[in-house]
Amino acid sequence: MKFQRIYIEITNVCNLTCSYCLSHTRDALFMSPKQFEQILTQIKSYTDHIYLHIKGEPLIHPDFIEFLNLADQYHLKVHLVSNGTLLDKLNQTLINHPALVQCTISLHNYDVLSNEDRTIYENKLDELFELVNTSHISLFLRIWDFKSKQTQTYIKQRFSLDIALIEERKRLKLTHNISLDLDHQFIWPDIKDPYNSNIGTCLAGTKMMVIYVNGDVGPCCLDTDTSIKLGNINIESLDEILRSPRYLTFIKGLRESKLTETLCQRCTYHNRFKRLDG
């Protein structure tokens, strides 16, 4: 079995409390480089791509560059997702690191910045754009529900774009390796939400897996509180976890468009993967 991606949560600590991001109730933790390397030894045959994000802001981690070095050592390609508040950390050394292949910056907070802070932020983005234009990585600027007039104006002026063209697409190439990534804001699933449906499917557990900062393993990157805990990679191997009855029941259900987990039955994100069965 080969997964398209495995998410590794190197920290669940974030420097923001955004309204659109569901908070978690887990203990605040930072993964150690030793633990990270132990995880890489187990997953290297299961994927080529790791995403250093579930909850938390990965650039907060003081050992972030060491994580990149370890990923490169194990020939794994790193995808970074950041809230964009720590752009100073995205320096030439990091952007040109051989392990880093993609960086996604959220622009969701752009419209709430003061005029002074917005100018500072734009200058930092310009510096990042210059670095990226001479690097090997792909940079994505992510925006949900592209309605903010401030964000629209910035994107339009900075890249000389027609707003109408932006609204018609989900992804728009801005330069040879910088793209605008548009999507509708989704509702984070919560175990306390009302029942929705037990019919549906998605990519969890089949195309992706999730490893939380404490070593817990799950199938879904939207499961903020590890409601679907399949095991712990610090205690048992990933091989054993993928042979567990709960995991096998979970993926069998998805293949048959049946949602076996309580969290999944309260989730609406799987509506994006509806099958047309005729």
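Strand β1 (residues 5–8) and strand β8 pair in the parallel sense, with four bridges between them. This is a predicted model. Within the β1–β8 pairing, isoleucine 8 stands opposite isoleucine 211 in β8. On its other side, β8 (residues 208–211) is joined by two bridges to β9 (residues 216–218), and these two strands run antiparallel. Here isoleucine 211 stands opposite valine 217 in β9, and valine 210 stands opposite glycine 218 in β9. The hairpin of β8 and β9 has four residues between the strands, and glycine 215 takes a positive phi near 100 degrees in it.

In a regular strand the side chains alternate between the two faces of the sheet. In β8, Met208 and Val210 lie on one side and Met209 and Ile211 on the other; all are buried, and both faces of the strand are covered.

These strands belong to an open sheet of ten strands with mixed pairing, in the order β6-β7-β5-β4-β3-β2-β1-β8-β9-β10. The edges are β6 (171–173) and β10 (231–232); each has a single partner strand, so one side of each is left without a neighbour in the sheet.

Elsewhere in the sheet, serine 138 lies in strand β5 (residues 138–144). Serine 138 is partly exposed, at a relative accessible area of 29%. Its C-alpha is 4.7 Å from that of glutamine 102, although the two residues are 36 apart in sequence. Not counting residues up to four places away in sequence, serine 138 touches Val101, Gln102, Cys103 and Asn177.

**Nonpolar core**

The largest nonpolar core has 82 residues. The members that touch the most other members are Ile8, Phe36, Ile43, Ile50, Leu90, Ile105 and Leu141. Isoleucine 8 is thus both a member of this group and the residue opposite isoleucine 211 in the β1–β8 pairing. Isoleucine 43, also in the group, is in contact with Ile6, Ile8, Ile50, Leu76, Ile211, Ile233 and Leu238, leaving aside its neighbours within four places in sequence.

**Aromatic rings**

A search of the whole structure finds eight aromatic pairs. In one of them, the rings of tyrosine 110 and tyrosine 121 have centres 6.3 Å apart and planes at 45 degrees, so the pair is tilted. Tyrosine 110 lies in the loop between β4 (100–106) and α4 (115–133), while tyrosine 121 is in helix α4, so the pair ties together parts that are eleven residues apart in sequence. Both tyrosines, 110 and 121, are buried. Ring pairs also bring in Tyr154, linking Tyr110, Tyr121 and Tyr154 into a cluster.

Charged side-chain ends sit over aromatic rings in the following cases.

| Charged residue | Ring | Distance of charged end from ring centre |
|---|---|---|
| Lysine 55 | Tryptophan 188 | 4.3 Å |
| Arginine 158 | Phenylalanine 159 | 5.0 Å |

**A buried glutamate**

Glutamate 261 is placed in the segment after α8 (245–255). The residue is buried, with a relative accessible area of 10%. Its side chain is joined to that of arginine 246 by a polar contact of 2.8 Å. Leaving aside neighbours within four places in sequence, glutamate 261 is in contact with Ile228, Arg246 and Phe250. Arg246 therefore appears both in the polar contact and in the list of contacts of this buried residue.

**Positive phi outside glycine**

Most residues other than glycine have a negative phi. Serine 160 has a positive phi of about 55 degrees although it is not a glycine. The residue is found in the loop between α5 (149–159) and α6 (163–167). Is serine 160 buried or exposed? At 68% relative accessibility, serine 160 counts as exposed, because the cut-off for that class is over 50%.

Threonine 226 has a positive phi of about 50 degrees and is likewise not a glycine. Its place is the loop between β9 and β10. Threonine 226 is buried, with a relative accessible area of 16%, which falls under the 20% limit for buried residues.

Definitions and conventions
Residues are numbered from 1 along each chain as its sequence is written. This is a predicted model: local features need pLDDT of at least 70, side-chain atom pairs count only at pLDDT 80 or more; totals for chains, interfaces and linings use all residues. Side-chain values use heavy atoms; hydrogens and water are left out. A nonpolar core is a set of buried Ala, Val, Leu, Ile, Met, Phe, Trp, Tyr and Cys residues joined through side-chain atoms within 4.5 Å. Buried means under 20% relative accessible area, exposed over 50%, partly exposed in between (1.4 Å probe, protein chains only). Contact means heavy atoms within 4.5 Å. Rings of Phe, Tyr and Trp (its six-membered ring) pair if their centres lie within 6.5 Å; planes under 30 degrees apart count as stacked, over 60 as edge-to-face and the rest as tilted. A charge sits over a ring if NZ of Lys or CZ of Arg is within 6 Å of the ring centre and within 35 degrees of the ring normal. A polar contact is a pair of N or O atoms within 3.5 Å; within protein, one must be able to donate a hydrogen and the other to accept it, and residues adjacent in sequence count only if both atoms are side-chain atoms. Two strands pair if DSSP finds at least two bridges between them.
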